[in-house]
Amino acid sequence: MTNHQKLTAWVDEMVRLCKPDRVVWCDGSEDEKRRLTADALRSGDLEELNQEKLPGCYLHHSALNDVARTEHLTYICTPTKDETGPTNNWMEPGEAYRTLGGLFDGSMKGRTMYVVPFVMGPARSPFSKVVVELTDSLYVALNIRIISRMGKVALDMLGETGEFTKALHSKGDLDMARRFICHFPQDNTIWSIGSGYGGNALLGKKCMALRIASCLGRQEGWLAEHMLIVGIENPKGETSYVAAAFPSACGKTNLAMLVPPASLPGYKIWTVGDDIAWLRIGPDGRLWAINPEAGFFGVAPGTNKKSNPNALATVQKNSIYTNVALLPDKTVWWEGMDGAPPEKCLDWKNEPWTPASKEKAAHPNSRFTAPASQCPSISPEWENPAGVPITAIIFGGRRSQTIPLVFESFNWQHGVFVGATMSSETTAAAIGAVGVVRRDPMAMLPFCGYNMGDYLSHWIGMGDKIKHPPKIFNVNWFRTGPDGKFLWPGFGDNLRVLLWILDRCEGRGPAVKTPIGLIPTPDALNLTGLNIDPEALRTLLHVDRAAWQAELDDQKTFFNKLGDRMSPVLTNEHAALSQRLRNA
Ligand code: SAT
Ligand code: MN
């Protein structure tokens with residue numbers, strides 16, 4: 001299938017290591033999809049869903065101990081620990097190759113190795129990159145087929161000498177004690193063993209498009225970010241694009257597919273990407289973004305006709321569901337779907353479930369994998385090889401207190417500080433406690449492939465090179481009142497915040513200067529048709545001095561952790577914020 005000698009030599013070497021019974025090169029064809037699906041149904045990797053109601057859709061159950069990313073088992077392997085930095089786990093490359101090599105040795109005996117070449121980024125884009133993943137998981141091969149441009153297209157792009165990321169994956173024995181996800185930036189290599197799930201196993205996604213790509217971006221002068229990309233078309237037919245970073249399971253997919261409220265007629269939302277953005281400086285001095293992916297790996301629970309009708313429409317065909325509940329008519333269900341819970345179903349563990357059951361029917365991190373092209377709001381520009389120009393960058397976390405609904409930074413450097421001091425309450429997307437506030441700069445804490453201090457300096461440095469930088473904002477949809485309920489309606493109504501942001505980018509939109517940034521005056525947001533308590537709005541736009549003092553201290557603790565690699569520009573920004581709060 002290829003005359004790329006380095007590629008075939010590497011595959012041969014990995015075959016000698018893993019010792020699969022068979023090696024299958026994936027070409028990405030429809031015929032191959034039918035074959036692999038039939039194999040997956042036979043092996044139990046997939047279960048067929050109701051083909052009348054959900055054509056081309058299948059259900060996958062993961063192992064019970066393999067339901068989310070395992071950050072504590074994820075390593076960056078650089079010659080020195082300093083290159084990896086204090087926020088990542090580090091393993092010396094030689095030791096990593098030895099340890100994992102021992103586990104990979106013979107790991108595919110009795111199994112098939114799928115050679116899965118794929119392109120991250122639009123075909124024919126100079127910004128796209130090729131990855132070849134070797135995997136013993138049919139589920140992984142079939143998922144990659146959906147979320148990237150897989151097969152011949154990638155080998156064609158490689159030609160005989162092209163560069164590619166070498167990604168090796170085996171389910172191993174799925175035991176967490178023998179699970180490792182290792183990245184070797186200097187070798188453009190990823191080795192992952194012991195998990196078959198999501199970001200641990202679909203190596204093009206978090207491992208390549210963020211961790212490895214962030215290293216490439218640093219070398220080559222661009223940014224690989226955990227950001228959705230969305231176009232907002234106004235009633236005059238003009239579209240502006242924004243990129244927004246939120247941690248996993250904080251509503252990126254919902255924001256990327258937002259449906260404008262009926263009370264704001266004439267606006268349209270265009271989805272370019274829902275999870276990852278690669279950002280480069282264009283010849284016009286603006287920042288341009290591509291979505292390296294071709295599909296969505298979205299959180300299922302909470303997806304319904306109100307929260308995300310576009311996602312719901314997207315997943316009606318050609319989709320793989322993971323760890324959702326199965327209804328008697330072989331369709332799927334999850335908590336937060338429209339209507340009443342079913343009288344009975346099979347839960348994500350394949351056990352009988354009724355509304356009286358104590359546990360959830362769908363796993364909180366259950367997912368759908370669906371082709372982006374099926375999304376009703378997909379942007380006509382989503383595969384433009386040049387990307388789309390970015391007007392604003394938005395940072396946001398899940399914070400029940402302190403952080404206002406929206407504020408604008410004073411300039412690029414302050415905006416980078418705002419991103420660097422992002423924080424969020426943890427979610428089910430990673431193993432560990434849920435609801436704990438953690439610092440998560442640019443939503444990249446688990447995904448930055450090198451020293452976080454250097455990463456933040458790279459952001460500062462990019463600002464010097466971008467002639468027309470986007471304005472930087474911060475949002476928080478998740479602030480709650482004394483009763484614990486969300487103060488802001490969220491979802492479609494988030495458009496009201498986006499419109500203020502775009503107004504500000506055009507030099508319009510009233511704002512008040514506060515120590516933390518520029519905040520809309522209460523009448524600056526278009527609230528037509530929205531019934532919101534004025535007191536709630538006041539709280540949403542309020543900067544509480546005492547709470548911000550505590551925030552400052554926590555920011556400082558985090559910055560100190562980054563040690564001497566911390567950007568002095570950002571420590572100065574911290575001091576300036578402290579001063580502004582004192583003077584306020
Ligand atoms: O498991 S993934 O990393 O693919 C999803 C996520 O955590 O955002
Ligand atoms: Mn994500």
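R565 is partly exposed in this predicted model, because its relative accessible area is 25%, a value between the limits of 20% for buried and 50% for exposed. I begin with this residue since its side chain takes part in a salt bridge. The partner is D82, and the N to O distance is 2.5 Å. D82 also counts as partly exposed, with a relative accessibility of 40%.

Where do R565 and D82 lie? R565 is in the loop between helix 15 (545-561) and helix 16, while D82 belongs to helix 3 (residues 81-84). The two parts are 483 residues apart in sequence, so this pair ties together distant positions of the chain. As a general remark, side chains of opposite charge can pair when their charged atoms come close. Over the whole structure, a search finds 35 salt bridges.

Let me turn to another of them. K471 pairs with E408, and their closest N and O atoms are 2.9 Å apart. K471 sits in strand 29 (residues 471-475) and E408 in strand 26 (residues 406-408), so the salt bridge ties together parts separated by 63 residues in sequence. Is each partner buried or partly exposed? K471 is partly exposed, at 33% relative accessibility, whereas E408 is buried, with a relative accessible area of 2%.

A further salt bridge joins D275 and K252, with 3.4 Å between the closest N and O atoms. D275 is in the loop between strand 15 (268-273) and strand 16 (277-281), and K252 is in helix 9 (residues 252-256), 23 residues away. Both D275 and K252 are buried. These two residues also belong to a network of salt bridges, in which K205, K206, K252, D275 and E293 are linked.

Two members of that network, K206 and D275, bring us to the metal. Which atoms coordinate the manganese ion (ligand 2)? They are NZ of K206, NE2 of H226 and OD of D275, at 2.2 Å. Along the sequence, the spacing of these donor residues is K-x19-H-x48-D. K206 lies in helix 8 (residues 204-220) and D275 in the loop between strand 15 and strand 16, so the pair ties together parts that are 69 residues apart in sequence. K206 and D275 are both buried.

Next, I would point out a serine. S379 is found in the loop between strand 24 (367-371) and strand 25 (388-396). S379 counts as buried because its relative accessible area is 1%, which is under 20%. Leaving aside residues up to four places away in sequence, S379 touches Y241, W270, T271 and V272.

Finally, I return to helix 16, this time to consider its packing. Two packed helices are described by the angle between their axes and the distance between the axes. Helix 11 (residues 412-420) and helix 16 (residues 568-583) pack at about 90 degrees, and their axes are 9 Å apart. Angles from 65 to 115 degrees count as roughly perpendicular, and therefore the term applies to helix 11 and helix 16. Which residues make the contact? From helix 11 they are Q413, H414, V416, F417 and A420, and from helix 16 they are V569, L570, E573, H574, L577 and R580. Sorted by class, this contact has six nonpolar, three polar and two charged residues.

Conventions. Residues numbered from 1 in each chain as written. Chains lettered and ligands numbered in written order. Predicted model: local features only at pLDDT ≥ 70, side-chain atom pairs only at ≥ 80, totals over all residues. Heavy atoms only, no water. Axes fitted to C-alpha atoms, helices over the stretch in contact; angles between N-to-C directions. Helix = DSSP H or I, 4+ residues; strand = E, 2+ residues; numbered from the N terminus. Parallel < 35°, antiparallel > 145°, perpendicular 65-115°, else oblique. Contact = heavy atoms within 4.5 Å. Nonpolar A, V, L, I, M, F, W, Y, C, P; charged D, E, K, R; others polar. Salt bridge = Lys/Arg side-chain N within 4 Å of Asp/Glu carboxyl O. Buried < 20%, exposed > 50% of the residue type's maximum accessible area, 1.4 Å probe, protein only. Donors = N, O, S within 2.8 Å, 3.2 Å for Na, K, Ca; no water.
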